[in-house]
Amino acid sequence: MKFEIFNTFVNISSEEEYIKNIFETLQNNKKKTFFYLNSYSFYLFNKNKMFRDALSNADYIIPDGYSIVWANKMLNQKKISKVVFTYSFTKKLAKLFEEHNMKVFFLGGTDLTLKKCIYNLSITNPNLNIVGFNNGFYTENDSFNSIIKRINESHTDILIIGMGMPKSEIWIDQNHSKLNCNCIFSVGGFFEFIAGNKIQAPKWMYNSGIEWVFRLIQEPKRLFFRYLVSNSFFIYKILKRKIELYFE
């Protein structure tokens, strides 16, 4: 079901639905993109045309953040669950990909981070079939030539991209037609978490609405301005829309 969040939307409402759509895509040999919506991507959607086009073209958008759960309840009076790729991957998806021998390709981060990520996964998920990886630093010519060639020649089923927002989403949108794989994920800081460069918030924070505080403590310089601007913008737009709906 599609839930409108001001001028954006999510169409995945739970982790179970997320995993179901992933495996339907793989089993039916389709090509689908999986993006995420939180207060920062909401902000970019309203400020960056290329990102807005990319998000609008996505097949599935998950509610990645308690802010989206709150906004949906506020605007649509519907309860949905927060879904985060990193949590879903470590708890369920990696094991399922192992069991079904799905091929996985990583794109993003530094070579060192990717190697640490792959090493850690070799311990937790030794049968995960990682068929290739490429760092997220390249020239425009590389993005349209050698990287896509490497991805396609790997015959991967799953492409996981973590080059940062909005770079990942725009890259996917621009190169979607050239990619020969099924599931294409934009995953934020996934590689950093799996590599152990960053620490995930404790489980009790996951649906508490204060997980962002844990991340801010880890990266105050990078995230302070982002949270200040994007969260303020998000709250203003959602409350304004709620007032408009009240008087319609």
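**Exercise 1. Find how strands β5 and β7 are joined in this predicted model.**

Step 1. Locate the strands: β5 covers residues 103-108 and β7 covers residues 158-162. Strands are DSSP runs of E, at least two residues, numbered from the N terminus; helices are runs of H or I, at least four.
Step 2. Count the links: 5 bridges join the two strands, which run parallel. Pairing requires at least two DSSP bridges.
Step 3. Pick a position: Val 104 lies opposite Ile 158 in β7.

Numbering starts from 1 along each chain as its sequence is written. Local features need pLDDT of at least 70, side-chain atom pairs count only at pLDDT 80 or more, totals for chains, interfaces and linings use all residues, and side-chain values use heavy atoms, without hydrogens and water.

**Exercise 2. Place the two strands in their sheet.**

Step 1. Write the order: β4-β3-β8-β7-β5-β6, an open sheet of 6 strands with parallel pairing.
Step 2. Find the edges. β4 (60-63) and β6 (129-134) each have a single partner strand, so one side of each lacks a neighbour in the sheet.
Step 3. Add the twist: it averages 20 degrees from one strand to the next.
Step 4. Add a helix. α5 packs on the sheet and touches β4, β5, β7 and β8 (183-186). Contact means heavy atoms within 4.5 Å. The direction of α5 makes about 160 degrees with that of β7. Axes are lines fitted to C-alpha atoms, for helices over the stretch in contact; angles run from 0 to 180 degrees between N-to-C directions.
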